[in-house]
Amino acid sequence: MSLLETFTFLTFWALGCGLSKLEQSRISISSEVKKSADIYCKITSTDFVNDVIHWYRQKPNEALEHLIYVSSIKIRALTHKHGNKKFEARKNSQILTSILTINFIEKEDMAIYYCAGWFFPHSGWIKIFAEGTKLIVTPPDRNFGPEFSPKPTIFLPSTAEINHENAGTYICLLENFFPDVIKVHWKEKDSNTILESQQGTTMKTNDTYMKFSWLTLTANSMNKEHKCVVRHENNVNGVDQEILFPSMKREVDGNNPTEKACLKDQSGALQLQLTNTSAYYTYLLLLLKSALYFAIVTFCLFKRTAVCGEGESQ
């Protein structure tokens, strides 16, 4: 290895070769205008002291924007706007975390914020990003606390589906939450493996939101208990909700009439979401047709008026 290659290698190593994973556990954070908010980035690294952590943000329909980077564990990095400290970035070696502070929050600051760093696998240098945290700017007169966490309702598969299709579908309905940023996944009760599931559209209902998620199981998994895991900003103590679903086999074989009463066909739940979505697009289509008819009628009236005016002048 030449002297230049050696110098280049050691330089890149000093800039964060030990970094291997970045994690932003909070998917959203809410704050009022003119206040401050902290966004955390957990770093897995063998050389945290020398890692360089970059911070980006992406506003809706805009390109990724680089904000700031921090390399020292002793000195904060700062950027200023109108003489104020707008962004601050620091590294905490005790918890292996980088923190981005956004000061004097404005509505224009609503965006998804990402931490990033350089990683050196065998294929060469690449920049890796965490999943991001969305900043929600809320009105000063509204207080969104734990009472705006997702409220779950569970729906179990029908006995007809289980017996005739040899499969079953769990449905997890989440309602009355704010903000709309939510993450839902499914696991077996005693497993950390995330299962393949289906996600419904997050829909607004008055000032809050609702969402469906469902998991379809085959015969091999019907004798196991499963859980719907919900991550949301307003969960109590910031801990993921875990909603337990009983074994389908137990529900079918059980003799408890109360439990059997819950085993009803849940196609109506999915149909509700489809109906609401269809109604929205139907209303939008009718609105567009009405606007088009109005434009045509206006044009015809205008044209007729112009012709009549021309006849009178002649």
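Okay, a definition to start: two strands pair if DSSP finds at least two bridges between them, and strands themselves are DSSP runs of E, at least two residues long, numbered from the N terminus. What you have above is a predicted model, where local features need pLDDT of at least 70 and side-chain atom pairs count only at pLDDT 80 or more, while totals for chains, interfaces and linings use all residues. Residues are numbered from 1 along each chain as its sequence is written, and side-chain values use heavy atoms, with hydrogens and water left out.

So, let's go to strand β3, residues 37-45. On one side it pairs with β1 (residues 19-23), antiparallel, over 4 bridges. It also pairs with β8 (residues 97-102), again in the antiparallel sense, over 6 bridges. Look at K42: E23 stands opposite K42, and K42 in turn stands opposite T97 in β8.

Which side chains of β3 are buried? A37, I39, C41, I43 and S45, which point to one face; D38, Y40, K42 and T44 point to the other face and are not buried. Buried here means under 20% relative accessible area, exposed is over 50%, and partly exposed is in between, using a 1.4 Å probe and protein chains only. In a regular strand the side chains alternate between the two faces of the sheet.

Next up, salt bridges. I'm calling it one when a side-chain nitrogen of Lys or Arg is within 4 Å of a carboxyl oxygen of Asp or Glu. By that rule the count is 11.

Take K86 and D109, whose side chains meet at 2.6 Å, N to O. K86 lies in strand β7 (residues 84-92) and D109 in the loop between β8 and β9 (112-119), so this pair ties together parts that are 23 residues apart in sequence. K86 counts as buried because its relative accessibility is 4%, and D109 is buried too, at 2%. Both residues belong to a network of salt bridges that links R57, E65, K86, E106 and D109.

Now compare E225 and K189, with their closest N and O atoms 3.2 Å apart. E225 is in the loop between β17 (208-218) and β18 (226-232), and K189 in the loop between β14 (182-188) and β15 (198-199), so the link spans 36 residues of sequence. Here E225 is partly exposed at 24%, and K189 is partly exposed at 36%.

One more pair: E32 and K35, at 3.7 Å, N to O. E32 is partly exposed at 21%, and so is K35, at 45%.

Okay, over to a sheet. Three strands make an open sheet in the order β14-β18-β19, with antiparallel pairing. β14 and β19 (241-245) stand at the edges with a single partner strand each, so one side of each has no neighbour in the sheet. β18 and β19 are joined by 5 bridges, and V229 stands opposite E242 in β19.

Last thing: what is the volume of the largest pocket? About 230 Å³. Of the 14 residues lining this pocket, I136, V137, P139, F178 and Y209 are the closest to its centre. Strand β11 (residues 133-138) gives the most to the lining, with 4 residues. By pocket I mean, on a 1 Å grid over the protein atoms alone, an open set of points where a 1.4 Å probe fits, with protein on both sides within 12 Å along at least five of seven lines; lining residues have an atom within 4 Å of a point. The volume is the space filled by probe spheres set on the points.
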